[in-house]
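Here are two short exercises to work through with the model open beside you. Take your time, and try each task before reading its solution.

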Amino acid sequence: MTKVHVIGAGLAGCEAAYYLAQNGIQVDLYEMKPEKYTPAHHYSGFAELVCSNSLKASRLGSAAGLLKHEMRLIGSLILDVAEQCSVAAGGALAVDRAKFSDLVTAKVSSHPNIKIHYGEVTEIPDDGDVIIATGPLTSSAMAEAIQHLCGEHYLSFYDAAAPIVTAESVDMQFAFLASRYDRGDADYINCPMNKEEYEHFYEELLHAQTVELKEFEKQGFRVYEGCMPVEVLAKRGEDTMRFGPLKPVGLTDPRTGNRPYAVVQLRAENAEGSLYNLVGFQTNLKFGEQKRVFSLITGLENAEFIRYGVMHRNTFINSPKLLNPQFNMRDRENLYFAGQMTGVEGYIESAASGIFAGLSMARRLQGKPAVTLPDTTMLGALSKYISDPTVEKFQPMGCNMGILPELPERIRDKKLKYKMIAERGLADFDKAIEEF
């Protein structure tokens with residue numbers, strides 16, 4: 001029987017391998033951990049969440065919610081596990097990252113159609129059916145192999161992770177529990193700042209010392225907008241953070257009864273609620289500077305940092321010049337890419353691309369016609385985005401309502417509009433999968 005080689009056991013690789021296995025196809029899954037780690041990886045299990053532990057909003061009227069609904073319709077392993085390992089996060093789906101990784105690892109490793117191979121893969125097989133899902137933290141050797149394959153169409157960019165503190169070290173005399181606009185339960189710890197406190201924090205952040213990039217890292221330096229380091233945001237203007245991760249809208253400080261000038265939100269990292277990450281505080285500051293500057297935030301004066309933020313190299317290919325909408329290469333139809341390597345930015349986006357790459361591979365091996373999803377669906381729109389040959393300056397893209405076609409009628413109410421767009425997309429997705 002034909003075997004598919006899936007390289008990488010991250011979100012995309014696990015989804016691809018599991019989908020293939022569930023459809024009776026033998027899979028050899030390759031993972032370099034625990035024999036070798038990237039600078040940003042620390043856990044030995046599969047599907048490790050390196051940055052945030054949030055899989056974004058759950059409601060259908062959001063881009064992430066629509067994509068999740070579509071993923072469930074084609075049997076997402078990642079969403080099934082995430083819901084079993086969820087932690088409180090208001091209207092978002094967030095997970096206990098250790099339990100999440102452990103359960104994904106257990107389900108994938110125990111599948112009778114999947115054989116696990118541990119150790120670094122340094123070359124792309126010359127023939128056979130292959131899915132490359134090595135992720136944005138691809139090892140140097142594999143990155144060189146991909147560069148050799150793709151030639152000048154190879155690109156790189158950089159990403160950053162936020163620090164994590166212990167819940168017991170947050171001063172709840174000043175911080176308070178709430179979700180923005182009271183959506184869901186009071187799942188976030190909110191650290192409010194008045195104008196004077198914010199301006200002091202801003203000035204110190206503006207002049208804090210960052211980690212010096214190595215020479216090779218400076219070449220082609222790119223940062224994805226959605227994970228912009230907080231100190232970079234600060235340099236864009238004094239109010240930039242207040243309209244971004246520190247926006248106070250939808251929150252009321254119970255001490256004053258008023259909306260704060262700025263708010264830093266903390267989100268639970270584990271089911272026990274003993275660890276919290278600073279939402280939107282991806283950073284490249286030196287560890288000592290993180291402790292000094294972030295301790296200026298109201299409620300975090302004596303915070304215990306159990307992990308500091310880090311910045312690391314991410315890689316992706318110029319997919320519009322290389323891939324079909326089914327995520328396989330135009331000049332080698334049995335070689336697929338999946339995950340953030342393709343330019344779909346985000347956890348669920350990566351997982352969704354893994355399912356679709358696995359689905360597309362399975363159909364090709366079964367002699368069935370290729371599937372192109374409608375661009376009214378979120379997965380279809382993302383597939384179209386990464387494979388549009390007219391794109392000249394390709395940048396990673398997460399799911400968003402802006403990549404979906406407009407409704408034929410004009411709807412002024414944005415919430416109603418997005419709900420109608422999502423309902424249309426879900427109906428079209430449901431109809432599409434019925435046909436195959």
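Two exercises follow, one on the whole protein and one on a single residue.

This is a predicted model in which local features need pLDDT of at least 70, side-chain atom pairs count only at pLDDT 80 or more, and totals for chains, interfaces and linings use all residues. Residues are numbered from 1 along each chain as its sequence is written, and side-chain values use heavy atoms, with hydrogens and water left out.

**Exercise 1.** Find out how the radius of gyration of the protein relates to that of a compact globule.

Solution.
- Step 1: take the rule, 2.2 Å times the number of residues to the power 0.38, with the radius taken over C-alpha atoms.
- Step 2: for 436 residues, the rule gives a value near 22 Å.
- Step 3: the protein has 22 Å, so it agrees with the rule.
- Step 4: look inside, where buried residues (under 20% relative accessible area, 1.4 Å probe, protein chains only) make up 56% of the 436.

**Exercise 2.** Describe the surroundings of Asn190, starting from whether Asn190 is buried or exposed.

Solution.
- Step 1: with a relative accessible area of 0%, Asn190 is buried.
- Step 2: place Asn190 in strand 11, residues 188-193; strands are DSSP runs (E, at least two residues), numbered from the N terminus.
- Step 3: beyond four places in sequence, Asn190 touches residues including Phe176, Leu251 and Val263, a contact being heavy atoms within 4.5 Å.
- Step 4: Leu251 is 61 residues away along the chain, yet the two C-alpha atoms are separated by 8.6 Å.
- Step 5: follow the side chain of Asn190, which reaches the backbone oxygen of Ala178 at 3.0 Å.

Key:
Buried < 20%, exposed > 50% of the residue type's maximum accessible area, 1.4 Å probe, protein only. Helix = DSSP H or I, 4+ residues; strand = E, 2+ residues; numbered from the N terminus. Polar contact = N/O pair within 3.5 Å; in protein donor to acceptor, adjacent residues only side chain to side chain.
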